[in-house]
Structure formats: C-alpha cells, structure tokens
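Colleague: Could you take me through one part of this model, the sheet, and what sits against it? I'd like a close look rather than a tour.

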Amino acid sequence: MSRISILTLFPEQIIQGLAHSIVGKAIENGILELDFRNIRDFAINKHGQVDDALYGGGTGMLMMLEPIIKSWLSIYIEDPNQYLAELPAEMDLEKWRSQRKQISKDTLYFLSPKGKVFDQTMAKNMAKQEHLVFLCGHYEGVDQRVIDILEPEEISLGDFVLTGGESALIVIIDAISRLLPGVLPNKEAYLEDSHAQGYLEEVQYTRPAKWYGVEVPEVLLSGHQANIAEFRKHSRMRETIEKRPDLITNLQFTKEEWLSFLAELD
Ligand SMILES: C[S@@+](CC[C@H](N)C(=O)[O-])C[C@H]1O[C@@H](n2cnc3c(N)ncnc32)[C@H](O)[C@@H]1O
C-alpha cells in the first residue's frame with residue numbers, strides 16, 4: 001500500500017481527476033491511499049485567506065507561508081498551532097531547517113515549472129516509497145520561505161506553466177499508481193510499455209484482422225512465436241529511432257539483432 005499526502009487548495013480537482021478507470025479502482029481497493037491536507041483549513045483568518053499580494057509589487061497573488069507550513073506540520077504533528085506557539089519568536093533559517101529534519105525526513109515534492117522534469121525513472125523510484133508528500137502551488141506560486149524552510153525537491157511536468165500543481169499531480173499519481181503491485185494485471189503490463197526500459201513500445205493491433213482493406217501484419221496472425229518476437233523487437237527499434245532518436249542509446253541489442261534489423265529496413 002502506498003500513502004500519498006497532498007497539500008493543496010483544491011483537493012476536489014485531484015479527487016475528480018483520479019476517480020476513474022484503473023487509478024480510481026486502485027484507490028477504491030485501498031492499494032493507494034490519498035491523504036489530503038487542505039491548505040485553506042490553515043488560513044490566517046476567518047475569511048479563509050491563504051494568499052496575498054507580492055512584496056515589491058507585481059501582478060497576482062502569492063500563497064502565504066504559514067498556511068502551507070501548518071498544513072505540512074499537520075501530517076506529522078497533532079496540533080500545528082500549539083507547536084508553532086511554543087517555538088521561540090526568533091528562529092533563523094538554520095534552526096528551522098534542523099526542526100524540519102527532526103519532524104520528518106520525508107522528501108517533500110513541490111510541483112513547480114522550475115523543477116526537474118518528471119519521467120518514468122522518477123515514477124519508478126516514487127512507486128517504491130511507502131509514503132509520498134506533495135505540495136501543489138497555485139496563483140503566482142508560493143512564498144520563497146516555504147522552499148527555504150521545507151527544502152522540497154521541485155518537480156515539473158514540462159517547460160510550460162499550468163494554473164496550479166493539481167493538474168500536474170494528477171498525471172504524476174497516475175504514472176506512479178500503475179507501477180504499484182496489484183494495480184495492473186501483471187508486471188509485464190508495464191515492463192513492456194514505452195519508457196519502461198528506456199525505449200518505445202512496438203506497434204500493436206487488435207480485431208478485426210482486415211478493415212476496409214487495411215490489414216494487420218501477417219506475422220502477428222501466423223502463431224509463429226519466434227517470428228512474432230522478432231517482429232516486435234524490430235518494431236520497438238523502429239519506433240524509437242523514428243520518433244525519439246534521442247533514446248537510441250537505450251536500445252541495448254546485440255550486434256546480430258542490429259544486423260537483422262538493418263537487413264529488414266526498406
Ligand atoms: C501559475 S503557476 C506559477 C508560476 C510561477 N509564477 C513561475 O513563473 O515560475 C502556479 C503553480 O502551478 C504549478 N505549476 C505550473 N506549471 C507547472 C509545471 N510545468 N509543472 C508542475 N507544476 C506546475 C506550480 O505548483 C506553481 O506554483
């Protein structure tokens with residue numbers, strides 16, 4: 001079982017985004033537990049304020065420090081308000097960082113367009129962890145002191161800017177959850193996927209064998225397993241070379257396999 005704690009202002013967006021299909025079933029069956037910490041529950045006043053204007057001026061609103069820190073504390077400490085009230089008023093950054101490590105050594109992942117771009121290797125490593133903690137930014141992002149104190153690992157979905165980390169996190173949890181034992185029917189289901197071994201999956205077909213004259217490659221209907229395996233291997237090589245030449249070095253085939261592939265090229 002994997003537990004994922006999520007600090008967000010919009011839990012509903014994530015719940016809805018993950019409620020369907022295979023991931024929805026993994027949640028239903030308890031393989032994946034989502035633990036939401038709604039940052040608004042830790043707002044600074046009764047109006048539910050969690051964001052404010054930028055110091056120095058500028059467009060937009062920034063998520064405030066205290067509601068985020070409190071929502072993070074709430075994962076590990078029963079009463080974050082009391083915990084903060086008992087701290088000395090003058091805490092420098094070094095003291096805060098050492099407190100943070102005493103409270104938890106869990107990596108906090110912050111969804112951010114400045115982060116390392118998420119990939120299948122990161123998904124595999126995350127899927128091995130018992131407990132993951134994510135922080136979703138929104139609006140203009142978060143007060144820099146959140147980063148300075150909690151020292152999160154920043155992860156990005158790509159070089160573009162989203163409205164909030166929630167939609168990025170839906171994608172990331174989807175990628176992680178299909179690697180968890182019991183989510184897909186067997187390991188092969190994901191070990192043979194694109195990127196699982198660093199290259200792309202072969203082309204695939206299902207019924208009918210012929211549709212308005214467009215046919216499935218004959219070898220796949222032959223029942224000849226060695227030829228089918230060869231077709232699939234060559235198809236993986238072709239897909240990778242044609243669509244993602246940057247992944248070519250991940251194609252670890254023998255000289256004979258390369259020669260047999262090259263001989264087949266038109
Ligand atoms: C509108 S963005 C803020 C962008 C920020 N002002 C900047 O230029 O770096 C609001 C939030 O969306 C999330 N976000 C935006 N783009 C993202 C991306 N490519 N990957 C992951 N999260 C992203 C982050 O959590 C971010 O704090």
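**The sheet and its surroundings**

Modeller: Happy to, and keep in mind that this is a predicted model. Helix α3, residues 65–76, lies across β1, β2, β5 (108–117) and β6 (131–136), and its direction is about 160° to that of β1. Those four strands belong to an open sheet of five, ordered β2-β1-β6-β5-β7, with parallel pairing. The edges are taken by β2 (32–38) and β7 (153–156); each has a single partner strand, so one side of each has no neighbour in the sheet. On average, neighbouring strands here are turned by 35° against each other, ignoring direction.

Now zoom in on the β2 end. Its pairing with β1, residues 2–8, is parallel and runs over seven bridges. For a spot to click on, try Arg 3, which stands opposite Glu 33 in β2.

Then move along to β5, because this strand also matters for the ligand: the largest share of the shell around the ligand, four residues, comes from β5. Both β5 and α8 (165–177) supply at least two residues each to that shell. There are 19 residues around the ligand, and the ones that come nearest are Leu 111, Gly 137, Gly 141, Gly 165 and Ala 168. By character, the shell splits into eight nonpolar, nine polar and two charged residues.

Conventions. Residues are numbered from 1 along each chain as its sequence is written. This is a predicted model: local features need pLDDT of at least 70, side-chain atom pairs count only at pLDDT 80 or more; totals for chains, interfaces and linings use all residues. Two strands pair if DSSP finds at least two bridges between them. Axes are lines fitted to C-alpha atoms, for helices over the stretch in contact, and angles run from 0 to 180 degrees between N-to-C directions. Two residues are in contact if their C-beta atoms, placed from the backbone, lie within 7 Å. A residue is near a molecule or strand if its C-beta atom, placed from the backbone, lies within 6 Å of it. Ala, Val, Leu, Ile, Met, Phe, Trp, Tyr, Cys and Pro count as nonpolar, Asp, Glu, Lys and Arg as charged, and the others, Gly among them, as polar.
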